[in-house]
Each structure stands twice: as structure tokens, then as C-alpha cells.
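This report describes selected local features of a protein model, moving from cysteine chemistry to a pocket and then to two polar side chains.

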Amino acid sequence: MVLHSHMPYVEGFGTWPFGEEWLWEGLASVYLPLLRALREAPVTLGLTPVLCDQLEALEGDAGERFLRFLREVRAGIHAEDAQGLDKGGEHELAAEVRRAAADYREADRAFVELHGRVLGAFADLATRGPLELWTSAATHAVLPLIATDAGLRLQVGTGVSAHERRFGDGWSGGFWLPECAYREGLERELAEYGVRVFCVDQTDALGLGSLDQLEPIATAAGPVAVPIDWQLISLVWDPNGYPAHPTYRDYHGRTIHDLRPWSNDGKPYRHWEALVLARRHAQEFVARAAERLDSYRAERGRPGLLCCALDAELLGHWWYEGVEWLQFVLDEARLQGVPLATLPDAFERIEPVERPLAESTWGQRKDLSTWDSARVAEICFAARHGELRTVAAAGATRARGPALDRAVRELLALQASDWAFQVTHELAADYPLERVRAHSRELDAALEALKDSGSVADAALRNLAPEVDVTPLFAP
């Protein structure tokens, strides 16, 4: 089980409906609950550096704003909507709204108990137990779309160094390719920074359901590529997968204040019934995994590696019951005798094969069109233009300073894959384009200051890549 946890840098950039409330909701519904679910779990958890930048800020003013969100916003709207539903005679819906309010009280309790050390709590889990922590590119840039070698080194090097600073020298070399975007030769750049293993989507190349998906792939440069198995993943991720079942909570049905007291069948949501169903779905999921592994062993005469990779935010946020389902899966794996392993620990039992890797992503059509198309042309050109100018300016000055640091941090924010994803899927109105244009303006200002040896204003980026190393821009 590989969970990919990521959030674009939204701390300090807007509130409702788009902005840092995404982070507060992620904390309450995903990250804090995951800390409970993963206490003794041999799971691989990717934490992108840009998410860690924001979790790190929680020990300061950001943590105070999170608690205000829980106590002054979430508590108030639950009470108000419950009262309104009662007045309208919808007593069962009102009761569900009051029950769901306890989720935010529990998040408050857990956060206070941790003294805001959410990031430290994940580090503690990895130190004490079998949890494996991975890193990623600095701001989740789609690496095949980076224009220059220097820009690629900046994204990868910043991500690796930030992870090592936060979690010590115990990093095993696990690296999440943003959007599973792979191009030929990328493993060579990853190897330079100590990457030993990454996930790829080879569904089109190998075929959906092919047993070849259960074989990790050795690359000539050294890192091992692990195919993710969409036949298993689709039980969860498919539009008709588990979260779409009529009994689960409906993500789209909203009260006046965007609360969700309905199930997918339009009836009042019943949490206990949903948890019973989540247990049954976990049993089925593990049984299907066992069938795949048994088929592989019977045909190939050796154990296979079945990799199920999911966005962590699917569990708890998009799929309300998802964290409980994950806990049930971990229990069922033990009960059904299906061995769980972290990556790269699994390679002690499973020998990688040699096989060509196809260029791919886990996006639409398994290609780059989600992040590189006419629809997102403004974003693509802004990121590429900003990168070329920043690399050229760094090469001309050959000196670090506040203006170059500011330019690099604005560039990293500009390169995030999230902006194009949101535009392609129409998820956040004008917010992503507003962010791209704002970071482009700030990048221009920083480069002008660098050229004129002038001063640069304090960064609005707050804690994004606070210790970014710009030296990759100076490498030949």
C-alpha cells in the first residue's frame, strides 16, 4: 500500500472556497486521522515537500488559524445547519450533522495533544514502527515538463534535501514521481540524488490486469520502478468503485454551509451502516489482492509484488469512510494471511526484472495532456518561461542572494502540477490561474531586483521551501 500525500501551497493564499481551508480540511479529515490508522502499519507514505512546508508551519501562526477554523467556523456552521434542519422537520439529517461535528472536535483534541507537531508525529511513527516515508519533487512539478537540466535538479534536489533535513538520514531512497509522470532517462537524474525506488503506471504498455504488473523493474541507472496495479486500484478509484456505493456519504450533496448529511442514495446518511459496508469492501479488496498474488505465484513460481497506490486525500476527504476502510484493509491482510510490505523492503524477497519502461502518467489517457494541452497553455508557457529566465539569471550572476532565492521560490510555486490539473478538471474556478499569474508577477519582480542589485520585498510565500538550495542552478 502506497499513499501519496500532497497539497499545493495554499497556506496564506485565500480562504473559502479556495485557499488555505483546503489545508485545514485535509488536516482534520485526512492527515490527523491517518496518524491513528498508520500506527503499526507496514505502509509506504509519501509526503511531498510542499505539504511538509505547510505542516511545519503549524507550530506557529498557521496552527492558531487552524484551531480558529475548527472552533469558530466548523463548530458554528454545524450548529446552525443542524438547527435549520430541525426547524424544517429534517430531524434525521440534523442528527447526522451534529454527529459529524464530532470529527472536528476530535481533530482539535488530537492537534492540541500534538502541540501542532503533525510532521513530527509522522516522523515518530516512521522511527518507532514499520511506516516508510517517501519524498517527492519540491512542489510536485511534472518532471518530464521541466525545461532544463538545472530546473530538474532544483526540483529533485530540493525535495530530497528537505526530506533529509526533516526526517534525518534514515531515508531509504523512496521517491514519488509527481503524477507518476515518467519519461525515458529520468531515472538517471533521480539516481544522482540517491533515489532507489519510484512508482510508475505501465497499464497501457503491459495491459490492464497483466501479471507483469506485479514485477518491479530494474533500471540501468540503479533505481527500481514499481508498476502500480490499476486492476486492484480501480476497486477504489473507478467512478463506479467503492466510494460510489449508495450507502456511503455523498460528497456532492450539500447543506447551506456545505455540510454533507446525505448518503449516495439520497437518504439521510447512517454512519454505522457505512462502516459495516467498509469492512465488507476491505474483505473483498484483500481477497482480490490475494487472488492476484496467488495467480502470479502459480504461473511464475515466485512471489509477486502487488502495488496499490492511492492519493491519501481520497481517504477521509473525497471518500469519507476511506480511513476506516484502510484500517480494515490492514486488519484483513493479517487475518487473510496476505503479507504487507513497505518499499523498498519488499525487494529483499522479490527480485526486479529487466524490462523497458514506457513513458506514461496516471492522468487522463495515461499521457501528459492533463498538464500540457491547449486548455492549460497559459500555465505551461508561464512555468517554462519563468524557468528559462531564472536559470539564465542565475547563470549570469553566479551568486546567491535574497532576490535569487525569492525568484527560485516563486518559480517552484509556479511549477506545481496542481494548477493545470485544477483547470483541466474545472475544480477551482479562477483560483489556479490567479495563482499562476501572481507567482509570475512576483518572479518578474525578483528577477528585476536581481538584475538591478536592488532589494526584494518579503516573500508572500511564507514557508515554501524555506531553505531552498539554489546551487543546482550553478552546476555545469
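In this predicted model, the structure holds zero disulfides. Cysteine 199 takes part in no disulfide, and the cysteine sulfur nearest to its own, that of cysteine 307, is 4.1 Å away. Because a disulfide is counted when the two sulfur atoms are within 2.5 Å, this pair is not counted as one. Cysteine 308 also has cysteine 307 as the partner with the closest sulfur, but at 7.3 Å the separation is too far for a bond. Cysteine 199 counts as buried, because its relative accessibility is 1%, and cysteine 308 likewise counts as buried at 1%.

The relative accessible areas of four residues are collected here.

| Residue | Relative accessible area | Class |
|---|---|---|
| Cysteine 199 | 1% | buried |
| Cysteine 308 | 1% | buried |
| Serine 210 | 18% | buried |
| Arginine 279 | 24% | partly exposed |

Attention now turns to a pocket. The second largest pocket has a volume of about 550 Å³, and of the 29 residues that line this pocket, those closest to its centre are Leu293, Gly304, Leu306, Val338 and Pro339. By residue class, the lining of the second largest pocket divides into 22 nonpolar, four polar and three charged residues. Helix 10, which spans 271-300, and helix 11, which spans 322-335, each supply at least two residues of this lining, and helix 10 gives the most, with seven residues.

Arginine 279 also lies in helix 10, and this residue counts as partly exposed because its relative accessible area is 24%. Not counting residues up to four places away in sequence, arginine 279 touches Phe328, Asp331, Glu332 and Leu335. With glutamate 332 the contact is a polar one between the two side chains, at 3.0 Å. By contrast, the C-alpha atoms of arginine 279 and leucine 214, which are 65 residues apart along the chain, are separated by 25 Å.

Serine 210 is placed in the loop between helix 8 (203-206) and strand 6 (217-218). Since buried means under 20% relative accessible area, serine 210 falls in that class with its value of 18%. The side chain of serine 210 reaches the backbone nitrogen of aspartate 212 at 3.0 Å.

Methods. Residues are numbered from 1 along each chain as its sequence is written. This is a predicted model: local features need pLDDT of at least 70, side-chain atom pairs count only at pLDDT 80 or more; totals for chains, interfaces and linings use all residues. Side-chain values use heavy atoms; hydrogens and water are left out. On a 1 Å grid over the protein atoms alone, a cavity is a set of points where a 1.4 Å probe fits but cannot get out, and a pocket is an open set with protein on both sides within 12 Å along at least five of seven lines; lining residues have an atom within 4 Å of a point. Grid points are joined across faces, edges and corners, and a volume is the space filled by probe spheres set on the points. Helices (H or I, at least four residues) and strands (E, at least two) are DSSP runs, numbered from the N terminus. Ala, Val, Leu, Ile, Met, Phe, Trp, Tyr, Cys and Pro count as nonpolar, Asp, Glu, Lys and Arg as charged, and the others, Gly among them, as polar. Buried means under 20% relative accessible area, exposed over 50%, partly exposed in between (1.4 Å probe, protein chains only). A polar contact is a pair of N or O atoms within 3.5 Å; within protein, one must be able to donate a hydrogen and the other to accept it, and residues adjacent in sequence count only if both atoms are side-chain atoms. Contact means heavy atoms within 4.5 Å.
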